[in-house]
Amino acid sequence: MSLGIMGFGVVIAIAPMGADELLYRADGLASIGLGLLGGLLAVIPYRRRERWAWIALWFYPVFWTIHLVFELPPGKDHIHQVVFIALSLLGLLLPVRAFFPRGRTVVR
(Lines give C-alpha, C1' and ligand atoms only; values in the text may rest on other atoms or scores of the structure.)
Protein backbone atom coordinates (compact mmCIF):
# COMPACT_ATOMS: atom_id res chain seq x y z
CA MET A 1 0.00 0.00 0.00
CA SER A 2 2.69 2.44 1.04
CA LEU A 3 4.84 1.68 -1.99
CA GLY A 4 1.88 2.29 -4.29
CA ILE A 5 1.11 5.66 -2.73
CA MET A 6 4.77 6.61 -2.77
CA GLY A 7 5.12 5.53 -6.41
CA PHE A 8 2.06 7.56 -7.39
CA GLY A 9 3.60 10.56 -5.62
CA VAL A 10 6.89 10.20 -7.48
CA VAL A 11 5.10 10.08 -10.85
CA ILE A 12 2.96 13.14 -10.05
CA ALA A 13 5.91 15.10 -8.63
CA ILE A 14 8.07 14.39 -11.69
CA ALA A 15 5.42 14.66 -14.41
CA PRO A 16 2.39 16.66 -13.23
CA MET A 17 -0.69 16.01 -15.37
CA GLY A 18 -2.72 19.15 -14.89
CA ALA A 19 -2.87 22.85 -15.50
CA ASP A 20 -1.79 23.73 -11.95
CA GLU A 21 1.68 22.19 -12.05
CA LEU A 22 2.73 23.43 -8.60
CA LEU A 23 -0.38 21.96 -6.96
CA TYR A 24 0.23 18.58 -8.59
CA ARG A 25 3.89 18.61 -7.54
CA ALA A 26 2.87 19.48 -3.97
CA ASP A 27 0.33 16.62 -4.00
CA GLY A 28 3.06 14.33 -5.31
CA LEU A 29 5.45 15.31 -2.53
CA ALA A 30 2.69 14.86 0.08
CA SER A 31 1.95 11.39 -1.34
CA ILE A 32 5.64 10.47 -1.16
CA GLY A 33 5.68 11.50 2.50
CA LEU A 34 2.46 9.62 3.27
CA GLY A 35 3.77 6.48 1.59
CA LEU A 36 7.10 6.73 3.37
CA LEU A 37 5.46 7.24 6.76
CA GLY A 38 3.07 4.32 6.26
CA GLY A 39 5.90 2.10 5.03
CA LEU A 40 8.05 2.88 8.05
CA LEU A 41 5.09 2.16 10.35
CA ALA A 42 4.54 -1.20 8.67
CA VAL A 43 8.20 -2.21 8.62
CA ILE A 44 9.24 -1.27 12.15
CA PRO A 45 6.54 -0.92 14.87
CA TYR A 46 3.83 -2.98 13.14
CA ARG A 47 6.20 -5.93 12.76
CA ARG A 48 7.08 -5.57 16.44
CA ARG A 49 3.34 -5.92 17.13
CA GLU A 50 3.05 -2.48 18.71
CA ARG A 51 -0.64 -1.68 19.11
CA TRP A 52 -0.31 2.00 18.30
CA ALA A 53 1.06 1.10 14.85
CA TRP A 54 -1.90 -1.23 14.23
CA ILE A 55 -4.27 1.60 15.15
CA ALA A 56 -2.38 4.18 13.09
CA LEU A 57 -2.44 1.95 9.99
CA TRP A 58 -6.25 2.04 10.03
CA PHE A 59 -5.67 5.28 8.18
CA TYR A 60 -5.31 3.32 4.94
CA PRO A 61 -8.72 1.61 4.78
CA VAL A 62 -10.39 4.80 6.01
CA PHE A 63 -8.52 6.87 3.40
CA TRP A 64 -9.43 4.54 0.52
CA THR A 65 -13.05 4.19 1.69
CA ILE A 66 -13.44 7.97 1.66
CA HIS A 67 -11.92 8.04 -1.82
CA LEU A 68 -14.37 5.38 -2.98
CA VAL A 69 -17.49 6.87 -1.38
CA PHE A 70 -16.81 10.41 -2.62
CA GLU A 71 -15.41 9.24 -5.99
CA LEU A 72 -12.13 11.05 -5.49
CA PRO A 73 -9.13 10.70 -7.81
CA PRO A 74 -6.88 9.07 -8.89
CA GLY A 75 -8.69 7.22 -11.62
CA LYS A 76 -12.33 6.92 -12.52
CA ASP A 77 -12.82 3.14 -12.36
CA HIS A 78 -12.36 2.96 -8.56
CA ILE A 79 -11.40 -0.74 -8.79
CA HIS A 80 -7.99 0.07 -7.30
CA GLN A 81 -9.68 1.65 -4.30
CA VAL A 82 -11.71 -1.51 -3.61
CA VAL A 83 -8.53 -3.60 -3.92
CA PHE A 84 -6.61 -1.27 -1.59
CA ILE A 85 -9.45 -1.34 0.97
CA ALA A 86 -9.50 -5.14 0.89
CA LEU A 87 -5.71 -5.48 1.13
CA SER A 88 -5.40 -3.01 3.98
CA LEU A 89 -8.26 -4.65 5.90
CA LEU A 90 -6.67 -8.08 5.43
CA GLY A 91 -3.35 -6.75 6.70
CA LEU A 92 -5.04 -5.35 9.79
CA LEU A 93 -7.62 -8.02 10.60
CA LEU A 94 -5.71 -11.26 9.97
CA PRO A 95 -3.12 -10.60 12.71
CA VAL A 96 -5.54 -8.91 15.13
CA ARG A 97 -4.93 -11.59 17.82
CA ALA A 98 -1.19 -10.88 17.71
CA PHE A 99 -1.94 -7.30 18.73
CA PHE A 100 -4.81 -8.13 21.12
CA PRO A 101 -4.29 -11.64 22.52
CA ARG A 102 -7.12 -13.18 24.52
CA GLY A 103 -6.77 -13.36 28.25
CA ARG A 104 -3.93 -10.88 28.44
CA THR A 105 -4.33 -8.05 30.91
CA VAL A 106 -3.15 -4.59 30.06
CA VAL A 107 -0.43 -3.28 32.37
CA ARG A 108 -0.66 0.43 33.08
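A residue counts as buried when its relative accessible area is under 20%, as exposed when that area is over 50%, and as partly exposed in between. In the predicted model described here, Leu90 has a relative accessible area of 46% and is therefore partly exposed. Leu90 belongs to helix H5. Its C-alpha atom is 20 Å from that of Leu37, and the two residues are 53 apart in sequence.

The protein contains six helices and zero strands. Along the sequence, the order of elements reads α-α-α-α-α-α. A box of roughly 55 × 25 × 20 Å, taken along the principal axes, holds the C-alpha atoms. The protein has 108 residues, and 25% of them count as buried. When contacts between residues at least 6 apart in sequence are considered, 48% of these join residues at least 24 apart.

The accessible surface was computed at about 7,400 Å². Carbon and sulfur atoms account for 71% of this surface. Among the side chains, 10 are positive and 6 are negative. The centre of the positive set and the centre of the negative set lie 24 Å apart.

Helix H4 spans residues 59–69, and its buried residues are Tyr60, Pro61, Trp64 and His67. Viewed down the axis of H4, these buried residues fall within an arc of 125°, so they line one face of the helix. Three other helices pack against the buried residues of H4: helix H1 (2–14), helix H2 (21–43) and helix H5 (79–93).

Glu71 comes just after H4, in the loop between H4 and H5. Its phi is near 50°, which is a positive value in a residue other than glycine. The relative accessibility of Glu71 is 61%; because values over 50% count as exposed, Glu71 is placed in that class. A positive phi also occurs at Arg49, where the angle is near 65° and the residue is again other than glycine. Arg49 is located in the loop between H2 and H3. With a relative accessibility of 39%, Arg49 counts as partly exposed.

A search of the whole structure for aromatic pairs gives eight. One of these is formed by Trp54 and Phe99, whose ring centres are 6.2 Å apart. Their planes meet at 35°, so the pair is tilted; the tilted class covers pairs that are neither stacked, with planes under 30 degrees apart, nor edge-to-face, with planes over 60 degrees apart. Trp54 lies in helix H3 (residues 51–56), whereas Phe99 lies in helix H6 (residues 96–99). The pair therefore ties together parts that are 45 residues apart in sequence. Both Trp54 and Phe99 are buried. These two residues also belong to a cluster, linked by ring pairs, that includes Tyr46, Trp58 and Phe100.

Conventions
Residues numbered from 1 in each chain as written. Predicted model: local features only at pLDDT ≥ 70, side-chain atom pairs only at ≥ 80, totals over all residues. Heavy atoms only, no water. Helix = DSSP H or I, 4+ residues; strand = E, 2+ residues; numbered from the N terminus. Buried < 20%, exposed > 50% of the residue type's maximum accessible area, 1.4 Å probe, protein only. Contact = heavy atoms within 4.5 Å. Areas by Shrake-Rupley, 256 points an atom, 1.4 Å probe, with all protein chains shown as cover. Lys, Arg positive; Asp, Glu negative; His and termini not counted. Charge placed at Lys NZ, Arg CZ, Asp CG, Glu CD. Arc of directions from axis to C-beta. Phe/Tyr/Trp six-rings, centres within 6.5 Å; stacked < 30°, edge-to-face > 60°.
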